[in-house]
Amino acid sequence: HNTDRKFLGELANTILNQTYKNFEWVIVDNGSTDKKTLELLNILSIQKNIKIITSKSNLGIIGGTRLGFQNAKGDYVLPVDHDDLIAYDALQVMSHFIVNNNFPPILYSDEDKTNPETRLGAPFFKPDFDPVMFFNNCYIAHLCAINRKIGVELDIYSDIKAEGCHDWDTLYRFIKNGSIPFHVPEILYSWRIHPASTASGVVGVKPYTVTSQYYV
């Protein structure tokens with residue numbers, strides 16, 4: 001929704017230049033009104049592997065993500081926030097681990113926090129799945145590959161009370177269903193640090209996330 005054109009453009013660069021080409025990028029225009037955002041979406045719409053779904057109003061995080069999920073067709077869905085970045089080989093690495101590990105229901109990679117303007121990087125090398133750690137920190141959220149068919153069965157992105165931590169809610173649904181998240185030990189996702197993102201560590205940016213976390 002009204003994403004900074006620079007942020008969306010940089011994300012698009014990392015997705016459209018993936019070393020693995022067999023993918024579809026589903027973009028949800030969640031009721032955007034910003035002229036520059038809409039201009040870039042119009043440019044992206046001509047790409048053959050991009051599908052843009054437009055909502056007339058802002059459906060929020062849960063509603064917008066669910067709309068995108070419902071329009072995805074691949075075996076796996078990899079949610080990406082509109083202001084972040086992924087590694088150029090993210091899809092190739094994920095597909096390799098999926099195929100060579102008997103198609104796990106859910107996979108997650110290592111990540112970092114980044115500010116491209118200052119070249120600041122903060123790598124997060126994660127452990128294999130630890131249910132106690134996960135209870136305290138949704139550390140497996142970026143980058144995830146989610147089996148779409150199972151996600152449909154578990155009705156993910158459906159609980160509006162999880163608006164501020166839809167990823168935590170989604171992953172708990174898989175875990176409660178008996179899935180053990182599979183760790184891909186590669187940094188494939190960069191969480192961008194900027195004033196409007198919780199990557200900055202400032203909870204007050206999105207205070208509703210705390211309420212959502214307690215709920216989940």
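This is a tutorial dialogue on reading a few features of a predicted model.

Colleague: I would like to begin with the strands; how many bridges join strand S1 to strand S2, and do they run parallel or antiparallel?

Modeller: Strand S1, residues 25-30, and strand S2, residues 50-55, run parallel and are joined by six bridges. You can follow the pairing residue by residue, since Trp 25 has Ile 50 as its bridge partner in S2, and Val 28 stands opposite Ile 53 of that strand. As a general idea for reading such strands, the side chains in a regular strand alternate between the two faces of the sheet.

Colleague: Which helix makes a β-α-β unit with S1 and S2, and is that unit right-handed or left-handed?

Modeller: The helix is H2, residues 35-44, and the β-α-β unit that it makes with S1 and S2 is right-handed.

Colleague: How should I read the nonpolar interior, and which residues of the largest nonpolar core touch the most other members?

Modeller: The general idea is that in soluble globular proteins nonpolar side chains tend to be buried together. Here the largest nonpolar core has 26 residues, and those touching the most other members are Trp 25, Leu 44, Met 94, Leu 107, Leu 143, Val 184 and Leu 188. Two or more residues each come from helix H1 (5-16), S1, H2, helix H4 (90-100) and strand S8 (182-192), and H4 gives the most, with six residues. There is also a second, separate core of 21 residues, which includes Phe 129, Phe 134, Ile 150 and Tyr 157.

Colleague: How many aromatic pairs are there, and what describes a pair of rings?

Modeller: A pair of aromatic rings is described by the distance of the centres and the angle of the planes. The count in this model comes to six aromatic pairs. In one of them, the rings of Phe 69 and Tyr 157 have centres 5.7 Å apart and planes at 70°, and because that angle is over 60 degrees the pair is edge-to-face. This pair links distant parts of the chain, 88 residues apart, with Phe 69 in helix H3 (residues 60-70) and Tyr 157 in the loop between helix H6 (148-153) and helix H7 (166-176). Both Phe 69 and Tyr 157 are buried.

Colleague: Why is the pair of Phe 129 and Phe 134 tilted?

Modeller: Their planes are at 55°, with the ring centres 5.9 Å apart, so the pair is tilted. Phe 129 is buried at a relative accessible area of 19%, and Phe 134 is buried at 1%. These two residues form one aromatic cluster with Trp 168 and Tyr 172.

Colleague: Finally, I would like to look at the backbone; which peptide bond is cis, the one from His 142 to Leu 143 being a case to consider, and where is Leu 143 found?

Modeller: As a general guide, most residues other than glycine have a negative phi, and most peptide bonds are trans. The bond from His 142 to Leu 143 is cis, with omega near -15°, and Leu 143 is found in the loop between helix H5 (131-136) and strand S7 (144-147). Among the residues that Leu 143 touches are Leu 78, Ile 86, Met 94, Leu 107 and Leu 188.

Colleague: Is Asn 102 buried or exposed?

Modeller: Asn 102 is exposed, at 67% relative accessibility. Although not a glycine, Asn 102 has a positive phi of about 60°, and it lies in the loop between H4 and strand S5 (106-115). Phe 103, placed in the loop between H4 and S5, has a positive phi of about 55° and is partly exposed at 48% relative accessibility.

Definitions and conventions: Residues numbered from 1 in each chain as written. Predicted model: local features only at pLDDT ≥ 70, side-chain atom pairs only at ≥ 80, totals over all residues. Heavy atoms only, no water. Pairing = 2+ DSSP bridges. Helix = DSSP H or I, 4+ residues; strand = E, 2+ residues; numbered from the N terminus. Right-handed = clockwise from strand over helix to strand, strands pointing away. Phe/Tyr/Trp six-rings, centres within 6.5 Å; stacked < 30°, edge-to-face > 60°. Buried < 20%, exposed > 50% of the residue type's maximum accessible area, 1.4 Å probe, protein only. Core = buried A, V, L, I, M, F, W, Y, C linked by side-chain atoms within 4.5 Å. Contact = heavy atoms within 4.5 Å. Lists of a residue's contacts leave out its neighbours within four places in sequence.
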